[in-house]
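Please look over the sequence and the structure shown here before reading on. The briefing that follows takes up a sheet, the confidence of the model and a pocket.

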Amino acid sequence: MPFYNSSVSHILTELKTTKNGLNSNEAASRLKQYGPNLVKVSSSPWWRKLLEPFLDVFTLVLAIAALISFWQGESLDGIIVLSIIAISAAIFYVQRFSTERVLRSLNKSTIEDVTVLRSGRSIKVPSTSLVVGDIVKLSEGEKVPADLRIIDQDNLSADESVLTGESLPVSKQTAALKGDLPIYEQANLLFAGSFVVSGTATAVVIASGNNTQFGSVATLSAQTEAKSPVQKKIDQLISRIVMIAGAMAIVTLGLSLLRGIELGESLRFVIALSVSAIPEGLPVAISVVLVLGMRRMAARKALVQNMRAIETVGVITTIATDKTGTLTENKLSVRETWQAPGANSLDQSLVKAINFGGNLSDPLDKALVEHGRKSNLYNDKHRPSSEIPFDQKYAISASIWHNGENFKVYLKGAPEAILRLSKLSPANQKEAELALESLTSKGYRVIALATAETAKQIDDIGKLTNHKITLEGFVGIADVLRPEAAEAIRMALAAGVSVRMITGDHAETAYQIGKSLGMVSKRDQVYDCRKLDQLSDQELLSIIDKTKVFARVIPEHKYRLLKLLKRRNITAMTGDGVNDVPALSNAHVGVAMGSGSSIAKDAGDIILLDDNFKTIVDAMREGRVVISNIRRMLLYLLATNTGEVLAMLGALLVGSRLPLEPVQILWVNLVTDTSLVIPLGLEPDEKDVMKQKPQKPNQPILSRPMVVRILITATVIAALTLATYLIFAKSHGHAYAQTLAFAALVVSQWGNAFAVRSHTESTLARLRVMNRSFYIGLAISIGLQALVFFGPLGEALHIAPVNINHLIIVSLISLVAPILAADTHKAILRAKH
């Protein structure tokens with residue numbers, strides 16, 4: 001039986017404790033048996049984390065290539081390949097460190113001292129020393145250290161917004177409850193991580209550490225995905241390339257041996273082919289581009305903690321947003337009032353009904369104070385002569401003020417309770433009920449105000465039952481919407497990204513907020529999640545497709561909703577509280593608010609420093625630019641690598657020697673390409689970047705036209721490289737021809753780099769858009785190539801002296817040919833569209 005269904009005496013018996021608490025020996029024994037009151041999250045063993053970056057096909061192919069290079073005596077080639085493996089592993093370790101940040105945060109919970117009863121004596125112990133069965137004493141402002149069942153309480157209310165998303169404090173009680181209740185209706189329990197807003201409590205610990213609601217959040221958070229959707233697509237692309245390269249290597253080895261080529265030369269051929277096929281520089285280039293993207297996003301008030309989130313935010317198809325603190329300011333305000341017929345001054349009653357006993361810790365009283373200041377009726381120095389805190393029996397609180405020789409009592413509380421005490425005429429009762437219905441239909445939380453006169457001070461609401469109570473009116477209270485939220489949502493929708501609100505609020509409140517933000521227009525677009533546990537995943541998926549606002553959501557529901565959203569969408573989740581942590585850490589992109597809880601910020605991939613929903617749209621723009629630039633890099637690198645492969649295969653088919661040495665290919669792939677591929681990743685955005693609809697999650701990273709352009713450019717590069725080698729091999733020998741073929745390959749990359757700067761514009765038109773880093777990269781590449789041809793690096797790369805005129809002619813043809821081929825393809829596509 002759940003603890004909230006059981007009586008206090010039954011629970012104390014079950015937990016083998018008493019109202020005087022455990023004795024010290026029993027507490028120490030339980031602490032030793034069950035461990036400290038800390039959240040612990042399981043993780044992979046250290047050896048698996050250490051080996052993980054080396055356990056993929058990409059690394060395996062490179063390792064085999066390195067071993068064969070050392071076996072053949074090509075030590076330089078082997079060292080370069082091993083360096084590639086080491087750099088890739090270092091990048092992986094850095095990314096792994098960032099993804100585990102949330103788990104470290106969950107274990108860094110602040111240790112606070114807690115008052116407990118041990119053998120009937122009150123003592124202070126660290127929160128980590130609490131055990132099940134301990135009797136805890138709490139008062140206003142204290143943080144709840146574990147899950148507790150309330151034994152005694154005095155006007156107790158708790159702020160559970162970090163767990164449930166509800167802005168309003170929850171009134172607590174001691175009596176056992178009936179039925180199967182969600183967390184936000186378990187009124188006789190206090191939950192770890194929540195805060196006492198008012199009153200005092202004595203309670204027994206029923207769960208600690210991982211067994212608390214907070215601990216279950218940690219368990220959900222541990223199921224974090226490390227790879228982004230874009231990275232998965234790139235991995236799939238690389239895997240296909242590796243498989244194709246492996247098949248080609250086997251066929252090539254067989255063909256070369258059949259042609260009578262000796263084993264050593266055949267293996268060198270296979271190494272060259274394998275190295276040609278794999279874009280070794282891609283991981284390094286993408287990481288550098290993402291780091292620079294992080295800096296640009298930080299300037300836009302979006303702090304990126306996981307750099308993979310930059311690429312993913314560019315392809316999101318839906319934003320699942322929390323309401324409290326994200327779309328709203330998590331600050332209650334008076335939105336509308338209704339004054340009863342015959343009432344004197346509702347605003348004056350509103351100000352005098354404020355309870356000051358809790359030092360204005362109740363958000364409701366803070367909202368009334370703010371309203372009183374706007375009406376110039378509130379005065380900090382004026383205080384009632386006495387107060388009656390919120391009485392759960394009557395659902396009313398009161399402030400008593402001197403009124404000449406008598407006293408005037410100002411009441412505020414539940415509308416139904418005050419209407420019952422007011423004894424209105426049938427006509428006035430009907431008018432009040434219609435006003436109440438009007439306010440609640442707008443999603444407001446409504447409180448009623450009333451007054452009564454007494455001859456002496458009172459200390460109990462029950463003593464007013466025989467007095468005349470005058471209804472003064474109703475006050476509609478709601479959370480304040482962020483002023484920029486509606487416009488930000490409109491911008492997201494215009495970019496083809498859907499927005500869904502997930503909140504713990506009542507369905508009507510959620511509908512009104514969604515309507516105000518332009519998210520919903522009909523009530524059937526709002527779903528009450530109290531029925532969610534009864535639905536299968538398939539049934540819930542059909543509901544998710546047509547729902548824009550989810551109400552009455554608890555953390556487990558939010559996590560399940562997100563999992564199903566991810567099946568058909570690339571999803572960003574926003575939030576600021578502990579209740580958002582499972583969803584934040586498992587979303588494709590977790591977006592935390594800068595003013596939110598520390599654990600939510602650590603769970604998020606991106607933190608909005610200004611708490612501005614619009615910053616998400618700015619991050620989307622930056623992400624789309626990054627994705628577009630990653631495609632440019634892929635276009636550039638795959639055209640290069642495919643060209644190298646075709647050149648090597650062409651040499652085998654025509655029966656010639658290798659037109660390129662493996663170390664030359666590695667030089668092109670790692671040094672020459674890297675100096676240009678990173679600047680290509682920093683290209684300015686194109687005009688229509690925020691008008692394009694996001695790609696479907698299952699679409700490949702490269703579109704069909706891009707694949708066609710890769711093949712066209714690769715064919716041109718291969719033809720240039722092989723033709724140069726064959727022409728000069730006949731007249732000047734192998735070494736001379738190989739040097740010019742190497743030059744043709746490098747210069748054709750420069751032409752390819754100019755061509756891929758835009759996906760649609762001609763190379764000449766794109767020259768009008770300045771990218772300083774591109775020209776710096778080009779200058780570096782030219783300088784490095786000069787060191788190879790005219791400096792000390794020539795010997796290591798098998799460079800032979802060549803005629804300068806031959807070098808210039810080959811270079812000019814190799815520069816222009818890829819540009820003409822790519823621009824022709826772009827022109828054909830523009831004509832089609």
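**An open sheet**

An open sheet is formed by six strands, in the order E10-E15-E14-E13-E12-E11, with antiparallel pairing; strands here are DSSP runs (E) of at least two residues and helices are runs (H or I) of at least four, numbered from the N terminus, and two strands pair if DSSP finds at least two bridges between them. This is a predicted model, in which local features need pLDDT of at least 70 and side-chain atom pairs count only at pLDDT 80 or more, while totals for chains, interfaces and linings use all residues. Residues are numbered from 1 along each chain as its sequence is written, and side-chain values use heavy atoms, with hydrogens and water left out.

*Strands*
- Strand E10 (328-339) and strand E11 (386-391) stand at the edges with a single partner strand each, so one side of each has no neighbour in the sheet.
- E11 and strand E12 (residues 396-403) pair in the antiparallel sense over four bridges, and Asp391 stands opposite Ile396 in E12.

*Confidence*
- The mean pLDDT (the predictor's confidence in each residue, from 0 to 100) of the chain is 85, and 91% of its residues reach 70 or more.
- Confidence is lowest in helix H6 (residues 101-106), at a mean of 44, and highest in strand E6 (residues 189-190), at 96.

*Second largest pocket*
- The second largest pocket (an open set of points on a 1 Å grid over the protein atoms alone, where a 1.4 Å probe fits, with protein on both sides within 12 Å along at least five of seven lines; lining residues have an atom within 4 Å of a point) is lined by 31 residues, of which Asp688, Gln692, Met706, His759 and Thr760 lie nearest its centre.
- Helix H23 gives the largest share of this lining, five residues.
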